[in-house]
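Please take a moment with the model below before reading on. The paragraphs after it move from the whole chain to a single metal site.

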Amino acid sequence: MCIPCTRRCICISAVALLIVGIITVIIVLIATIGIPPSTPVNRLCVTTINQTGFLCDDREACIPASQVCDHRRNCANGEDEQESLCSDLPNSLPGHLIFYCGNPRFWIYADKRCDRMNDCGDCSDETGTWASCPPCGPQWWRCTMAVFHEYCACIPRSLCRDGVQHCLDWSDEYVCLR
Ligand SMILES: [Ca+2]
Ligand SMILES: [Ca+2]
């Protein structure tokens with residue numbers, strides 16, 4: 001207590017009041033807007049359909065790699081489009097989001113590897129050693145190579161026996177059963 005109050009005492013009281021005021025303002029701000037989530041250090045995640053993904057700041061949303069730097073805000077706060085990620089593609093992207101094709105001058109997003117579609121243009125994302133894709137699966141027919149370069153070694157069974165050659169060995173028209 002400072003009675004009778006001196007000039008020094010008034011000064012100390014003012015500082016104490018100021019500190020209490022600042023703390024009160026901080027508490028009110030935190031209560032109002034909440035504590036901002038810290039950025040996840042490792043954004044590697046797997047999407048619901050088993051694609052390589054990018055983890056948003058909320059640590060729940062996992063977007064496919066190809067939605068990063070596609071000029072659309074897919075994460076709630078748009079962190080998938082931040083300049084530090086997108087300023088120098090593909091070098092500015094985390095390594096897990098990209099796949100280099102047989103010709104290393106070309107790259108694709110990691111979720112385009114082993115998706116059955118020929119994204120590299122030379123099928124290195126589907127049949128290449130580095131891609132190491134799993135077997136075609138029941139919905140697909142495996143042939144040596146697709147005639148049209150939309151697909152590589154796996155073509156959709158819906159294209160079997162449709163009167164159009166899709167496999168180099170014609171197996172889609174003469175062997176494959178839908
Ligand atoms: Ca995006
Ligand atoms: Ca592909």
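Helices (H or I, at least four residues) and strands (E, at least two) are DSSP runs, numbered from the N terminus. By that reckoning the chain holds three helices and seven strands, and from the N terminus on these elements follow the order α-β-β-β-α-β-β-β-β-α. This is a predicted model, in which local features need pLDDT of at least 70 and side-chain atom pairs count only at pLDDT 80 or more, while totals for chains, interfaces and linings use all residues. Residues are numbered from 1 along each chain as its sequence is written, chains are lettered from A and ligands numbered from 1 in the order in which they are written, and side-chain values use heavy atoms, with hydrogens and water left out.

Of the 178 residues in the chain, 34% are buried, where buried means under 20% relative accessible area, exposed over 50%, and partly exposed in between (1.4 Å probe, protein chains only).

The calcium ion (ligand 1) takes its protein donors, meaning N, O and S atoms within 2.8 Å of the metal (3.2 Å for Na, K and Ca), from Gln67 (O), Asp70 (OD), Arg72 (O), Asn74 (OD1), Asp80 (OD) and Glu81 (OE), at 2.1 to 2.3 Å. Along the chain, these donors are spaced as Q-x2-D-x1-R-x1-N-x5-D-E. Angles among the six donor atoms run from 79 to 173°, and the site is octahedral, a label given to six donors if opposite ones are over 155 degrees apart and all others between 65 and 115. Two of the donor residues, Asp70 and Asn74, are partly exposed, with Asp70 at a relative accessible area of 26% and Asn74 at 30%.

Note on methods
Tetrahedral: all angles 85-135°; square planar, octahedral: opposite > 155°, others 65-115°.
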